[in-house]
Structures are given as structure tokens and as C-alpha cells.
Amino acid sequence: MRLRSLQPLVAFTALSGLCAAAFAAALIFGARAVPPEATWQALIAFDPADPAQGIIRGLRLPRALTGLACGAALATAGVIMQSLTRNPLADPGLMGVNAGAALAVVAAIWMFGPQDIAALAVAAMAGAGIAAAAVWKLVGGREISASGALSVRLPLAGTAISSLCLSLVAAAVLLNTEAREHYRFWMVGSLGQASADSLLTLAPLAVAGILLGLACARGLDALALGSDLASGLGARPGLIAGAALTAVTVLSGTAVALAGPLGFVGLIIPHAARAVGGTRMSLTLLAALPLGAAMVLICDTIARVAARPSEIALGAVLALIGGPAFMFLLSRVLGPAR
């Protein structure tokens, strides 16, 4: 019995070690490899006269921290979304946050001209929130979530809002050259524009979203039994669904604001996290945090190393890895054709 209780702790420790190794690799490797000792010195005793340490502190550390935050946020949002909709192929994009963020960025550039990355991140976060609120209103809010029909209406509402936002984006980028250049970043996804300012502005929102998701874990376990049975156990399905979707909006909106739409993290990582956490939502969420962060950091390191001295967009690397994984998951979920 004691050995069984130690298994989640051992697994979480191993996953945390994987995440730490991915974080270290993100600092050491890139267009120019930096010795591990210089990397360590840059973290504990920064010397501005050392160009290698300047690369670590000025460029790679904010980028790695941003990747860690985005990966953890998207993985957490994916676990919550798949549990809430009871759909193993759901991802945070169902709330329309990607398209809403892209529309807000394009609109900000259209109205105010080119902005720094921190201002665009705030605009993206606002657009993601507005799009998610529109989807929530369209599905009927707490009433429909309490009835258990959320898994049917949410994908339809999310697709409708996303299509509307992307149509407006397409019209805007055809008429505005500056908006078109920034739109490429926000639709592919990259950590190339990560900055300490945008991270300090938005990281607290990611932490708040993760804590809210963990607070919803017990309620999501109850909802997995069905809305009627959850109500009989004293849970409030409408309130739980509303809080969970708020967490998804904050988490995915923050990730999109920091790095653009990073696909497949919120789709694939929940399956790996459930292999560790089992049926307990709290353990699954805790396993998803280091797994999501490690996936983004590893893919970003590959993106910087594979095409030296230039780099590949992170979204493209995630698609190359996540595409085959998604097809494998699809075959497992749908089963063999008859």
C-alpha cells in the first residue's frame, strides 16, 4: 500500500527532472552553443562583459521561461478541456482563443500602428478573453453546462466564433501590410519574440489559471460521473464548468499572448499525463505541468539547432511531431475501420 502511494511522487519527480533537463538544454544549445559552466555563471554571478553570459541572460533565459510557462499552461488547459467535454480529441482551441487573439493583434496594429511585443501580448490576451466569453454566451453559460450538453455545443460554438474571427483577420491582412507581417507570427507560433517584459506581465495570469484548474480538480472528478450523479453528490455542475472554462481561457489566452498559437501541446500531453495520474484529475494536472513544459522546451531547442544559424518556427516543429502523434491518437480513439 505504501509503495502504491509513492508511485505518483516518483513519477512526478522523474517528470520534473525531464523538465529541468529540457530547460538546461534550452539555455545551452542554440545558434551558438554555450558551455555549461558559462551558463551556470550567467545564472548565479552574471558578468556583463562576457558575451556568452549576455546571450544567456538577455535572450535565452526569458525565452526558456516563456516556453516553460506556455507549455505548462497549454497542457493544463488541455487536460481540463478534455475532461470537461469528455472528448479525448479536444484542445484549448475549442474556446476560440487562438482566433480571438489573432484578431485583437491585427486590430491593434490596424488602429495604432506597430507596437512592442508587451503591448501586443496584452491585446492578444484581451482578444482571447472576449472570444471565450462569446463562446460561453453562445453555448448558454451555466445552464447548458449543468445539463450536460456542453460537450455537444461547445465545439460548434467555438468553430463558429473562430471562423468569424479568422474571416475578419483575413480581410484585415489583405488591406494592411504591417498587420500581415505580424499576423504570420501570431498564426504560426514562436518564442523568438519572447521578452522579460511580456513574461512579467502575463506569467501571474498563467499561475492563477493553473491554481484555478487545480482547485477545480475534485469537481471535475465528480462531473466525470455525469451531471445528475455529480449533483446528487453535492457538486454544482454549472459552477464547476464555469470555473473550469475560465481557467482554460486564462491559460490558453496567456500562452497565445506570449508565443502565438502553439498546437498539439494541449491535445497530446493530456493523454501522457493520464498515463501517470490515472483517473484522479489532481494527479493528472500535476503530471501535465512538467510534461507540457518539457515538450515546448525540447521542440524550441530543436527549432533553434536544426537550421543554424537561422531557426524554424516553434509551431512548425510542434506540428511535425504532433501531427503523427495526433494520427496515432485518432486511430486509437476511433478504432480500426470496418
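The paragraphs below lead through this structure from its overall make-up to a few chosen residues.

The model is a predicted one, and a sensible place to begin is with the confidence attached to it. Across the chain the mean pLDDT is 83, and 89% of the residues reach 70 or more. The confidence varies along the chain: among its elements, helix H14, which spans residues 281–305, has the highest mean pLDDT, at 94, while helix H6, at residues 141–147, has the lowest, at 53. Where pLDDT is low, predicted coordinates should not be read in detail. For this reason, the reader may look at helix H6, with its mean of 53, with some caution.

Turning to the overall make-up, the chain contains 15 helices and zero strands. Of its 338 residues, 48% are buried. If one takes the contacts between residues that are at least 6 apart in sequence, 76% of them join residues at least 24 apart. As for the outside, the chain exposes about 15,600 Å², and 68% of that area is supplied by carbon and sulfur atoms.

Some of the links between side chains can be followed one by one. The structure holds three salt bridges, and a good one to start with is the pair formed by Arg 63 and Asp 300, whose side chains meet at 2.8 Å, counted from N to O. Arg 63 belongs to helix H3 (residues 51–85) and Asp 300 to helix H14, so this pair ties together parts of the chain that are 237 residues apart in sequence. Both of these residues, Arg 63 and Asp 300, are buried.

Arg 63 also takes part in another salt bridge, because its side chain meets that of Glu 311, again at 2.8 Å from N to O. Here Glu 311 lies in the loop between H14 and helix H15 (314–334), whereas Arg 63 lies in helix H3, so the two tie together parts that are 248 residues apart in sequence. Are the two partners buried or partly exposed? Glu 311 has a relative accessibility of 38% and therefore counts as partly exposed, while Arg 63, at 10%, counts as buried, since the cut-off for that word is under 20%.

The remaining pair is Arg 304 and Asp 300, whose side chains meet in a salt bridge at 3.4 Å from N to O. Both residues lie in helix H14, four residues apart, which is about one turn of the helix, and both are buried. Taken together, Arg 63, Asp 300, Arg 304 and Glu 311 are linked in a network of salt bridges.

Helix H3 also contains Gln 53, which is buried, with a relative accessible area of 5%. Which residues does Gln 53 touch, if those up to four places away in sequence are not counted? They are Ala 38, Gln 41, Ala 42, Ala 45, Phe 46 and Asp 47.

Finally, the surface offers a feature of another kind. Leu 18, Ile 298, Ile 302, Leu 320 and Ile 321 form a nonpolar patch there, with about 440 Å² of accessible area together. Helices H14 and H15 each supply at least two residues of this patch. One of its members, Ile 321, has its place in helix H15 and, at 40% relative accessibility, counts as partly exposed. Helix H14 thus appears in both settings, because it holds Asp 300 of the salt bridge with Arg 63 and also supplies residues to the nonpolar patch.

How values were computed
Residues are numbered from 1 along each chain as its sequence is written. This is a predicted model: local features need pLDDT of at least 70, side-chain atom pairs count only at pLDDT 80 or more; totals for chains, interfaces and linings use all residues. Side-chain values use heavy atoms; hydrogens and water are left out. pLDDT is the predictor's confidence in each residue, from 0 to 100. Buried means under 20% relative accessible area, exposed over 50%, partly exposed in between (1.4 Å probe, protein chains only). Contact means heavy atoms within 4.5 Å. Accessible areas come from the Shrake-Rupley method with a 1.4 Å probe; for residues, only the protein chains shown count as cover. A salt bridge is a side-chain nitrogen of Lys or Arg within 4 Å of a carboxyl oxygen of Asp or Glu. Patches are made of residues with over 30% relative accessible area and no salt bridge: like charges are joined within 9 Å, nonpolar side chains (Val, Leu, Ile, Met, Phe, Trp, Tyr) within 5 Å.
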